[in-house]
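Hello,

Here is the structure I promised to pass on. Please have a look at it first, and then read my notes below.

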Amino acid sequence: VVKTLISRLKVFSSTRGRGLRTCAVETTIKAMVILLATTIASAEEPTNYDASEILFARRIAPLLREKCLGCHGQDPDKIEGGIDLRSIETLTIGGDSQEPGLVSGQPDESSVYLAAQRGEEIYSAMPPKESEALNSEQLDWLRRWIETGAKWPSESRIQAIEDGLAS
């Protein structure tokens, strides 16, 4: 589309005189072509996803699958500690501690983050085995995800994020 507009603009420019009115029309058309090209280029980039969604898709969802869902969601009939990590709704509610599992924007108020840090006595250390504890980079991902709004995109949006960032 952009190439066609540019070629037509070149034809228009070469066949017209250089009067004031022609220059104004030509300038307007050039501006429209540039605007259209910019819009098309930016639509192809994955810039319409915010940092929280990207962090969830690339880091948090795989982390939950690897470290958490075995006890907190894989089998809905055997959710340990009463905290179900299969959705943002159940994560937000929390578990047996009666504390919210997630408080968007506030990792230090989110029991999931505090349990993963393994430093709060009122929360059981998660994951329970020391050898499976989150490393500092994983804790940073979790903290940043919560700080940036803890967005939990749909599966189709996660796939779109992955596809957009892979190209």
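A word on terms before anything else: helices (H or I, at least four residues) and strands (E, at least two) are DSSP runs, numbered from the N terminus. With that in hand, histidine 72 can be placed in helix α4, which covers residues 69–72.

Two notes on where the values come from. This is a predicted model, in which local features need pLDDT of at least 70 and side-chain atom pairs count only at pLDDT 80 or more, while totals for chains, interfaces and linings use all residues. Residues are numbered from 1 along each chain as its sequence is written, and side-chain values use heavy atoms, with hydrogens and water left out.

**The chain as a whole**

The chain has 8 helices and 0 strands, in the order α-α-α-α-α-α-α-α along the sequence. It has 167 residues, of which 31% are buried; buried means under 20% relative accessible area, exposed over 50%, and partly exposed in between (1.4 Å probe, protein chains only). The exposed area is about 10,700 Å², with 53% of it supplied by carbon and sulfur atoms. Those areas come from the Shrake-Rupley method with a 1.4 Å probe, and for residues only the protein chains shown count as cover. A contact means heavy atoms within 4.5 Å. Of the contacts between residues at least 6 apart in sequence, 48% join residues at least 24 apart.

Back to histidine 72: at 9% relative accessibility, this residue counts as buried. Leaving aside residues up to four places away in sequence, histidine 72 touches Ile79, Glu80, Ile83, Asp84, Leu85, Arg86 and Met126.

**Helix α7 and its ends**

Helix α7 runs over residues 136–147 and has 12 residues. From first C-alpha to last it reaches 16 Å, close to the 16 Å expected at 1.5 Å a residue; the expected span is 1.5 Å times one less than the number of residues. Which residues of α7 are buried? They are Gln138, Leu139, Trp141, Leu142, Trp145 and Ile146. Seen down the axis of α7, these buried residues fall within an arc of 155°, so they line one face of the helix. The arc is that of the directions from the helix axis to the C-beta atoms. As general background, an α-helix has 3.6 residues a turn, so residues three or four places apart point the same way. The buried residues of α7 pack against α3 (51–67), α5 (88–93) and α6 (111–117).

At the start of α7, a side-chain oxygen of asparagine 135 comes to within 3.0 Å of the backbone nitrogen of glutamate 137. Just after α7, glycine 149 has a positive phi of about 110°. Alanine 150, in the loop between α7 and α8, has a phi near 50°, a positive value in a residue other than glycine. Alanine 150 is buried, with a relative accessible area of 5%.

**Serine 104 and the loop after α7**

Serine 104 sits in the loop between α5 and α6 and is partly exposed, at 45% relative accessible area. Beyond residues up to four places away in sequence, serine 104 touches Ile146, Gly149 and Ala150. A polar atom of the serine 104 side chain lies 2.9 Å from the backbone oxygen of glycine 149. The C-alpha atoms of serine 104 and lysine 151 are 8.5 Å apart, with their positions 47 residues apart along the chain.

**Aromatic rings**

How many aromatic pairs does the structure hold? There are 3, where rings of Phe, Tyr and Trp (its six-membered ring) pair if their centres lie within 6.5 Å; planes under 30 degrees apart count as stacked, over 60 as edge-to-face and the rest as tilted. The rings of phenylalanine 56 and tryptophan 152 have centres 4.6 Å apart and planes at 40°, so this pair is tilted. Phenylalanine 56 lies in α3 and tryptophan 152 in the loop between α7 and α8 (155–166), so the pair ties together parts that are 96 residues apart in sequence. Phenylalanine 56 is buried, at 2% relative accessible area, whereas tryptophan 152 counts as partly exposed at 24%. Phe56, Trp145 and Trp152 form one aromatic cluster.

Best wishes

Conventions. Polar contact = N/O pair within 3.5 Å; in protein donor to acceptor, adjacent residues only side chain to side chain.
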